[in-house]
Amino acid sequence: MSLHRSLFRPISQLVGFCFLPLVLALQLQAKEASSYEGPDFSKVAPVRLEIIQQSGPMGARFVRPTSEGVEIEMLEGEGVIIVNWEHMDQFEINLAMTDSLNRALSHTDPVKRLELLRPEIEPLLAMASIKPGSTNIHVLINKYIKTAIQAEDWLSAYEMSQKMSLDSSHAEIVKHYYTVAVNLFITGEREKALKLLDQLIAARPIEESREQTIQVAERLLEERLFEPSYRLYSHAALDAADLEGKHLVLRCAYLCLELNDLPDSARYLAQAKAIEADDAESRGAAQLVLGVQAFQGGELNVALKHLGHALAEVAPDSSLKQVGLYFNFLSYTNLENTEIAQNILDEMSLLFPHGAYTTVLAGEPEAESTTSNESL
Amino acid sequence: MVPNLDFYLALSYVFEYYEKHNTAALATAAAQFEAFISTYPKHDLVALARYNLADVHAIKQDFAQALQLYVPLYRRPVASVDRKEVLKKLVLIYAAEQEWAAGTPYFKDSMRIAETGEERTTSAAYLLIAQAKSGEVVDSSQLLEFFKSPAPVFFTPRFNAALMEVGDNLKSEGDLATASLFYQFVRDYETLEIGLSAYIRKLERRVAKFADNVVLRNFYVEAKAKLENAQADLAALKKSTNYTPLLHWRIASIYMEMGRNWEAFWRFRLMVDAYPDHQYAEEILFSAYSLGHQLGENAIAEELGKRYLDNGSYTSYRDTVADQVSGIYLEEEKYDELYQLTAWYLERSADDTAAQLLLFKHAVARLTRMENQELIDDFQTYRESYETAKCAVVIHYFLGLAYLIEQENEPAVEFFDKVIVDSNPKFRADASFRKAQAVLGLDRIEESRDLIQQFIAEYPYHQLRAEAELTLGNVVDMLGDTDDALVHYHLVEPHTEDRHLLARAELKISRILVDRRQIDEAITRLKAFIEEHGNYPESIPVSAALATIYTNADQPRVALGVLKQSLDQFFEQTEIHQLDTLLIDYLKLDRSLRAMQLGTDDFFNLVKTDPILLDELINDRAKQYRYFKKHDSIDVLVQDSFVRDNDFRKAVQEAISILEDQQARIDTLNKNIPPESADEPLEDAVLDLTELDALQDKVNALNARIPAETADAFLENALTDAYAQTNMPLVVRIKTALAKVEDPQLSPNVELLQLWDAAEQWAQLGTAGQLWILGEHAKTNPSRVADVLEASYLDFVNTANELGLHLLQAQCYQDLDRIDESIEAYQMLIKRFAQAKESGEASMQIGQMEVGRGNAAAARLELESILHRNEWRGAMHAQALLWIGRAYVTEEKYAEAHGFYERIILGYPGFSEELAMAFYEDIQVLKLMDESASVQMTYEAFQLTPGLEDTEGALLIGKEFE
C-alpha cells in the first residue's frame, strides 16, 4: 500500500519562485545571501516510533526521514508510506517515553542530561520538520537543544543544527540556533557561527526570521562581534524604506566603519538620509556614525560634537548609547582628558556593567587606549 | 440596637458615596463606623469596621488616620480582613505620601507576595526609591532592566519625581555618574503623558466593565480608585510643563560638572527647538548658546546667538551674547556683521557695558584693517547720537586715536581731553599718553614732555610705561638732552618684555653712544641684545645696526659675520620680512669685501713692482687722494697706512731711498763699464719689500675672517636646494635679493612672473618678492597689479615693503588714469612714511596730478609742503617751485608764476635742469604778460649762466630764439 502524497512542493519554495526577480535583486545586494541546502538524510538510520493513524494505533514502526517528509515502514515489509512534511495531520508520530528517556529528561545537571539525551534524541533530529501538533518529537528536540544551551555546549548544539532541515523545521526549534550562533562567535567558533547564520538566513523566510535576526544582530553588536552583526543587519536592511529600516541601515553604516569599510558606510549613510522618516533614535544613530567616522579620521573634537549629539538623542537603554559612550571615552582619552574619560567609563560601568564595550575599556591597558584612534 | 445592622448601616453610606458620589456620606460612614467600634469593641465585625473606617479615611485622603487603622490590621491579621488588600493600601498610601523610608517594609512584603507582575514591579519601584534615598543603590544592570519595564508605576509623576530627587541627592553628594543614571531613567513629560493616557483608557474600560456588576463590586471599586489616581497623576503632570526641560537641565548640568560639554550642549540644543515657547525658553537658548560658545564652535554660537538677539523679548543675557557674538565676528573676520551689530546694540542699550565692548571691538577691527577714516566716520555718527551715553567715553577715545593716527592732532587732543575728564576712568591713562603724542605731533615739544612725565608719575605701572619712556627719550633727545634721553631709553627695559620695544630702545641707546664715540659700549650692548634675543626676528634690525657700526669702524669683515649670523638664523623663514633687507646688505657687503680683497692684492702687486708709483703714493698727498679716491676698493688699512701711518710711510720711504741709492750706484757702475769690456752690466737694485709684505700679511690676516664661501656661492647653493625642494618662497627671496643688488635692478624671469597665477604659492611668498614681481607686471598690467595690491594690502602693513606697496599702488593708479585713487595712495605713503624721501616724491606726484586736472590750489598746497622740509632742499625744492609756477600758469596768474620761476633762477644755480626749465618757462610767462624787455633780460641771463647747454630747457629756448 502506498499513499503517494509526497509530490507537493513546499510552499516556501513556491513563494520563492513567484518572487524570483525580487529575490535576485535582494541577493545582488546581500553579499552573503544564498540558498539553503538541507542535510542529506539518505544515510540516516530509521527510528522506531509509535504511529497512530486516524483509524487507530499502528504500533511501533521504523520511520526514515527524507528531504520531503518521512517514510513509514509497513509491518509486513510491503513497502513504505511516504508522508510529506505538510501532510502529517493524518498521523501522530511519537517516540515512546521509556524509563531511560524519562530519567534523562529529569536529570538536573544539564551536562549530564545532555549526555543522557544524546542517544535518545540525536536520531530524531532529522525529523524536526514534523509538525509539532502531531508528535512529541518536537518537544523532545526542543528540550534537547535547550539542554545543550544550558550546558553551554555550543558545538553540540551546532552539530544538531546540521542534522535537521532548518527550512522546514518548526520556528520554535530553529529560533534556538540564533542564540547558538551568537555564542559560537563568543567562544571563537567563527566559521561555524557564520555558517549557521548563513544557513538560518537562507533557510528561514524573511518575515519569520526578521525579528530574530535583528535581535541577534543587536546582541552581536553589543558583544562587539561586528562581522556577524553586520551580516545579519545587512540582510535585514535589504528592503529598508521606513523608519525601522532606517535604524537598521544606520547600524550597518556604523558596523562598516568598525570593519574598516568606509565606502559602504558612506553608502549606508546616504541610504539612510534618503529615508525621510526619522525619530530620535535614527537621528542619534546618524550622528553616531558621523562621530565614529570623525574619530577614525583623527578629528577628535568633531567626533565629540557628533557623539554628544548622538548621546542626547538615543534612549539610555539603547545599544547605541553604549557605542556612543565608548567612542566618547576614547576621544577624551586621546585628547588626554583622562578625568572626563574616567567619568564616562563610570557611567558605562553603571549603565552597561557587563557590556562588551565597557569590558574592553575597563580591561584595556591605559597606554594603548590613549595612543590609538582605532576602535579597540 | 442590632450590631450587625449598625455595621451595614455604616457600610451603606460608603456605597452611597460610590454610587451617588456623595462625599458627605463619607463623614457619616466614618462616624457610624467609629460609633460601632466603640460600642461593640469585641464584636466579630469590629475588625471589618476598622478596615472600612480606614478606607473612608483613605478616600478622604486623611492618610495619617487611615494608617493608624491599616497598620494594626496588617500587623495582627484577622480572618475577616484580607491582609493582602490591607498591604496594597499601605503601599499606596506610603507611595502617595512619599514616605519612602517608612513604607520600606510594606514595599518589601508587597514584592514578596505580589500576585501579578504589575504589582511586583510597582512595589519594587517604590522599594528602589526608598533604598536609593537612603543611599543604597542596587546593581545597576538590574536597575536598567527594571526600568525598561512598561509597568504603570513608571508613568506616575510621583515615581519619576522621586527618581529625580534621588538623582538630586546623588548629585549633591558628588556621585555624578549615578545621579546621571537616575536622571536618564526619569521618563520625560511626553512619555509620561502617553503612558498615563493609555493606562487611563485601560482603566476606564475596566471601570465601565464592572460598573453595574454588584457581584464584582470590589473590582469596580479597585479599578475606579486606580483610575482616579491615574487621572490625578495626569492632571498633576499637565500642570508641570517645566517637567522635561527641568529633567534635561539636570542631566545637562551633570555633564557640565563632569566637563562633558558637548553632551550638555546637545541636551540644551535639542530643547531649543522642542520648547520654543517655554516659560524658560530664553534660559534654554542662552544655555545652548553659551555652551556652544564655550566649546569654541563659532558657527553654532553665532547661529544661536543671532537667534537670541533676534528675539526682542530676550534681554537677560543680551549684553553677554552681543559681546561674545561680536567677538566671533571679529575672529571670523565678518566685519560688516560686527559693524551692524554695534549700531543695532547701541540703539537698544547704549548705557550698558556690552555697548562699550562692542564699540571697542568695532574700533579694533577698523584699526587693524587700517580703516581709520571709516572708523572716524562711524564713531562721529555714534557721537552725534550717544554723546551723553555711558559708552561715549569709548567713542571719544577711539576718535582721538584715529585722529592721532591720521596726524590730525588738534581733534585728537580734543577727544583725548574728553576721555581724561570722563567719570569712567577706564581709558583715562591711555588717553593721557596718547594726548602727549598728539601734542608732540603739534610740535609742542616741551608740553608733550611734561604730559608724558605726568603720565609716568600718575601711572607708573601702566602697560604703556615702556612706550612712554621711549617716546619721552625721543622728546628730550629732540630738546638736546641726550643724557636724559639715555635715562629714559634705559627705563624701557624694566617695564616691558615686548622685544620690538626693547629693540627700538636699544637702537636709540646705541645711536647716542655712537654719536658720543662710545663705540665699544654700543657694540657691547647690541651684542648682548643679540645674544639674548637672537632667536627672534626683532633682533634683525639690531644685527643690521651692529653691522653698520662695525662697517663704519672699518671692520667690514666683522660686520659680515654679524649679518651672516642673523641670516643663518632666519634665512629659510620667508615670512620674516625684515630679513630681505638684511640679505641684500649681506650680499652687497660680501661682494664689496671680495672686491676689496682683489683690489688690494692687485694694488700690492702693482706697488711692489712700481717704485715710482709707490714713491708717489707715499710722498705725494695729492696723488694719494686722487689715487685712493679712484681705487676705493683698496683695503682701508692699506689706505690708512699710506696716508696716516707715518712709521710705515717712513719705513717705505727709507726702502725707496735705499733702492734709489743702490740704483744710482749701479747705474754709475754700469755707466763706467767700457764698451769694449766683456763685463755684464749689474742688475737693477731690488726694493726692500719687508714693510709692504708685513702690511699685506696684516691684511691677509684680517681677510682670513671672510668666509671661504662667497655670498653668491651661498645663495647659488641655497637656490639649487630651494628649487629641488620646490620651496618657491625661498627661491623668490634669493632671486629678489640677487636682482636688487644689481644696478639697474634685474627683472624676474617668466617662471617667477607666472607665480601670481598660482594663488596658493603666491600667498606663501614674502612681501619683498611679491613686490618685485608685481613691479614687473605693473609695466604691462597695472590694473591687475592694483587689484592684487589692494587685496594683499594688510599683509604689507608694517613690513619693510609697505612703502613699496603704496608707491607701486599709486603708480599703477596713475598709469590707469585713476587719479583720485593714485592721490589717495600717495597720501597714504606720505602719512605712513612722512620722513622718507619717497614722501617728498609722492607730494610732487600729487602736485603734478592736481596741476594736470586743474586743481591748482590743491597742487600748490601739496607742493608747498615739500618746501617746508629742509632735508629736501636742492633739486626737490627746485622742482616743487617749478610746479608751483606751473600751477599758477594754469590759473593765468602769471605774475605769481614769474615770482616762483625767479626764485629758482636766483636760488638754485647748481641745478641745471630745473634752472634751464625755469628760464624757459619764465620767458613764456613774461611773454604772456607782454613783458618783452623782461623776456630779453631773462634770455640774456640764461645765456650768461654756465652749464645749461645740454638741458631740456636750453633745447626749448634754443628752438624759440635761434
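How many residue pairs are in polar contact across the interface of chain B and chain A?

1. The rule finds 4 such pairs, both residues at pLDDT 80 or more. A polar contact is a pair of N or O atoms within 3.5 Å; within protein, one must be able to donate a hydrogen and the other to accept it, and residues adjacent in sequence count only if both atoms are side-chain atoms.

2. This is a predicted model: local features need pLDDT of at least 70, side-chain atom pairs count only at pLDDT 80 or more, and totals for chains, interfaces and linings use all residues. Residues are numbered from 1 along each chain as its sequence is written, chains are lettered from A in the order in which they are written, and side-chain values use heavy atoms, with hydrogens and water left out.

3. Chain B brings 22 residues and chain A 25 residues to the contact (heavy atoms within 4.5 Å). The two chains bury about 2000 Å² between them, 60% of it on carbon and sulfur atoms; buried area is the accessible area (1.4 Å probe) that two parts lose on being put together, summed over both. In chain B, the most area is lost to chain A by Arg260(B), Trp262(B) and Trp266(B), together 27% of what that side buries.

4. The interface has 2 salt bridges by the rule (a side-chain nitrogen of Lys or Arg within 4 Å of a carboxyl oxygen of Asp or Glu). Glu347(A) and Arg260(B) form a salt bridge through their side chains, at 2.8 Å, N to O.
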